[in-house]
Amino acid sequence: MTKLQEINFDGIIGPSHNYAGLSLGNIASSTNAGEASYPREASLQGIAKMRHNIDLGLAQGFFMPLDRPNIGWLDTLGTKIKEAEPHIRAAAYSASSMWAANAATISPAPDSADGKCHMTVANLQTMPHRSHEWPGTLAQLRLAFGHQDHFAVHGPIPSPFGDEGAANHMRLCRSHGEAGVEIFIYGKTGGPFPARQHVESSKEVARKHGLQDDRVIFAQQSDRAIAAGAFHNDVVAVANEQVLFAHEEAFEQREEFYAEVGRKFPEVEIITVPADKVSLADAIKSYLFNAQLVTLPDNGGMALILPTEAKETKTVWSYLQELVAGNSAIRKLCPVDVRQSMANGGGPACLRLRVVADPTLVDQRFMATPSKLDAIAGVVERYWPQTIMPDQLTDAGLLVEIQKARRALLETCALTDLDN
Ligand code: SUG
């Protein structure tokens, strides 16, 4: 008998973390382009978030940073790190795999026809710097979830359909281990910014995962939200068990969508944040919805693991105070400092991939414990660069330092086979 549980796998923030302004439509990425980054501090912030969640009693795992700069990818483009055009060089260096919510889409075992947990690695094809993540991510998923009686790991959706993984996917269920209704949110092209999730991809993922039609919903993200900087659905909505927590302007046809949710999952508790209390701009600036909405053990209700920016945004914090004082399922607010990631548009929820599975079936090297996190933090403190300016990416010394740092981490976690 397997014991299903939600496990959050965080992407460890890699040693090449920098601000290159690579993501059109992601306001933080554009605003901070060219700033100095602090990879060591960034990574320690991510580790502190994992520690915090373990302390709450939640199951925690992690993924290794990918090998950057991606020399093989530059090779396929017929160039080398020194000669590459600056934006291509920056794309090769990007530490963007830290945002594990974009690693894959996950359908837990109770939802699928064959009773396996299905995962499809995201192709991330819209943004050049993210388009070369999937082979490294796929290798990691195949290793972590290699138990083929329980997991089915699928390759990427083929071009030209964009797929950005779990950031555009929500699941409603009575409890994580029971069958749920899966919601796929897609965008339509035509606005000022790219719509990264295409409906064709969402449908293909649902088919490959063996989901039943009456337990799947496809809904369009509002054009307005994308134009305001919500480049993924998880910037304006989040779900956990029976709760859907969303901004009033998150979805294109809100009433129709809510009606379908109510039909397919009558137990749903929808919490809509009205635009006259929290504007779309404040929601996006504060990353209110990029919180991890989690169920606390021992009937502790639900908690929102929020970025500290949510506390600093007046409208957002007063809304949240009201929310937890009321009688919704959300009882606790936990601000965490992930500012280095936030400055590239990645909040607490972006940094993690939720997998409902029996933790004992996962390759234990990917499961976090306090002492393992201490060891990882030790490697980060010793090897991660303290700071990187984007114009330093031509520096051969930095390249060697970054490669050495990642290698030290793989060795500490006994995961050197990832590079074989
Ligand atoms: O894809 N930022 C990421 C942020 C991803 C956030 N993930 C979720 N919402 N789930 C992106 O836009 C910026 C990189 C740079 O500009 O250097 C970046 O890739």
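In this predicted model, the largest cavity has a volume of about 320 Å³. Let's start by asking which residues are closest to its centre. Of the 26 residues that line this cavity, those are His-169, Met-170, Arg-171, Ala-239 and Arg-354.

Three elements give two or more residues each to the lining of the largest cavity: β6 (169–172), β9 (237–240) and β15 (352–357). Strand β15 provides the largest share, with five residues.

A search of the whole structure turns up five cavities of 30 Å³ or more. Here are two of them, set side by side.

| Cavity | Volume | Nonpolar lining residues | Polar lining residues | Charged lining residues |
|---|---|---|---|---|
| Largest | about 320 Å³ | 16 residues | four residues | six residues |
| Second largest | about 210 Å³ | seven residues | 14 residues | two residues |

What lies around the centre of the second largest cavity? Its lining has 23 residues, and the closest to the centre are Ser-23, Ser-96, Trp-99, His-129 and Asn-344.

Now let's turn to the nonpolar cores. The largest one holds 45 residues, among which Phe-9, Phe-145 and Leu-353 touch the most other members. Helix α14 (residues 370–383) gives this core its largest share, five residues.

You can follow Leu-353 in the structure: leaving aside residues up to four places away in sequence, its contacts include Ile-7, Phe-9, Phe-63, Leu-141 and Ala-166. Asn-8 is also one of the residues that Leu-353 touches.

There is also a second, separate core of 35 residues, with Ala-42, Ala-250, Ile-284 and Met-342 among them.

Key
Residues are numbered from 1 along each chain as its sequence is written. This is a predicted model: local features need pLDDT of at least 70, side-chain atom pairs count only at pLDDT 80 or more; totals for chains, interfaces and linings use all residues. Side-chain values use heavy atoms; hydrogens and water are left out. On a 1 Å grid over the protein atoms alone, a cavity is a set of points where a 1.4 Å probe fits but cannot get out, and a pocket is an open set with protein on both sides within 12 Å along at least five of seven lines; lining residues have an atom within 4 Å of a point. Grid points are joined across faces, edges and corners, and a volume is the space filled by probe spheres set on the points. Helices (H or I, at least four residues) and strands (E, at least two) are DSSP runs, numbered from the N terminus. Ala, Val, Leu, Ile, Met, Phe, Trp, Tyr, Cys and Pro count as nonpolar, Asp, Glu, Lys and Arg as charged, and the others, Gly among them, as polar. A nonpolar core is a set of buried Ala, Val, Leu, Ile, Met, Phe, Trp, Tyr and Cys residues joined through side-chain atoms within 4.5 Å. Buried means under 20% relative accessible area, exposed over 50%, partly exposed in between (1.4 Å probe, protein chains only). Contact means heavy atoms within 4.5 Å.
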